[in-house]
Amino acid sequence: MGSSLDLTHVQWRKSSYSGSSGGDCVEVAPLTPHIAVRDSKNPRGGTLILSPEAYSAFVEHLSAP
């Protein structure tokens with residue numbers, strides 16, 4: 001994905017993997033076939049663009065004890 005990717009019309013939603021305490025808020029958006037991930041507290045701070053496989057590994061890593 002190039003740096004010219006326009007995410008202004010992307011439909012972001014709070015990830016079900018976000019913490020319920022309000023401090024760990026991650027938003028995700030489908031970019032078929034990729035998935036965009038950002039910090040909801042700092043939406044202009046950067047966005048990860050991940051393949052479905054990389055997103056699964058990312059979630060698995062974050063969910064590990």
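Me: In which strand does Glu-27 lie?

Reply: Helices (H or I, at least four residues) and strands (E, at least two) are DSSP runs, numbered from the N terminus. Glu-27 lies in strand 2. This is a predicted model, in which local features need pLDDT of at least 70, side-chain atom pairs count only at pLDDT 80 or more, and totals for chains, interfaces and linings use all residues. Residues are numbered from 1 along each chain as its sequence is written, and side-chain values use heavy atoms, with hydrogens and water left out.

Me: What elements does the protein chain run through from the N terminus on?

Reply: The order is β-β-β-β-α, that is, one helix and four strands.

Me: How do I read the pairing of the strands, and in what order do they form the sheet?

Reply: Two strands pair if DSSP finds at least two bridges between them. Here the four strands form an open sheet in the order 1-2-3-4, with antiparallel pairing. Its edge strands are strand 1 (13–14) and strand 4 (48–50), each of which pairs on one side only.

Me: How many bridges join each pair?

Reply: Strands 1 and 2 are joined by two bridges, strands 2 and 3 by six, and strands 3 and 4 by three. Strands 2 and 3 form a hairpin, with two residues between them.

Me: Which residues are the bridge partners of Glu-27?

Reply: Towards strand 1, Glu-27 is the bridge partner of Lys-14. In strand 3, Glu-27 stands opposite Arg-38. Further along the sheet, Val-37 stands opposite Leu-48 in strand 4.

Me: Is Glu-27 buried or exposed?

Reply: Buried means under 20% relative accessible area, exposed over 50%, and partly exposed in between (1.4 Å probe, protein chains only). Glu-27 counts as buried because its relative accessibility is 16%. Across the protein chain, buried residues make up 25% of the 65 residues.

Me: What joins the side chains of Glu-27 and Arg-38?

Reply: A polar contact is a pair of N or O atoms within 3.5 Å; within protein, one must be able to donate a hydrogen and the other to accept it, and residues adjacent in sequence count only if both atoms are side-chain atoms. The side chains of Glu-27 and Arg-38 make such a contact at 2.7 Å.

Me: Which residues is Glu-27 in contact with, leaving aside its neighbours within four places in sequence?

Reply: Contact means heavy atoms within 4.5 Å. On that basis Glu-27 is in contact with Trp-12, Arg-13, Lys-14, Ser-15, Ala-36, Val-37, Arg-38 and Ser-40.
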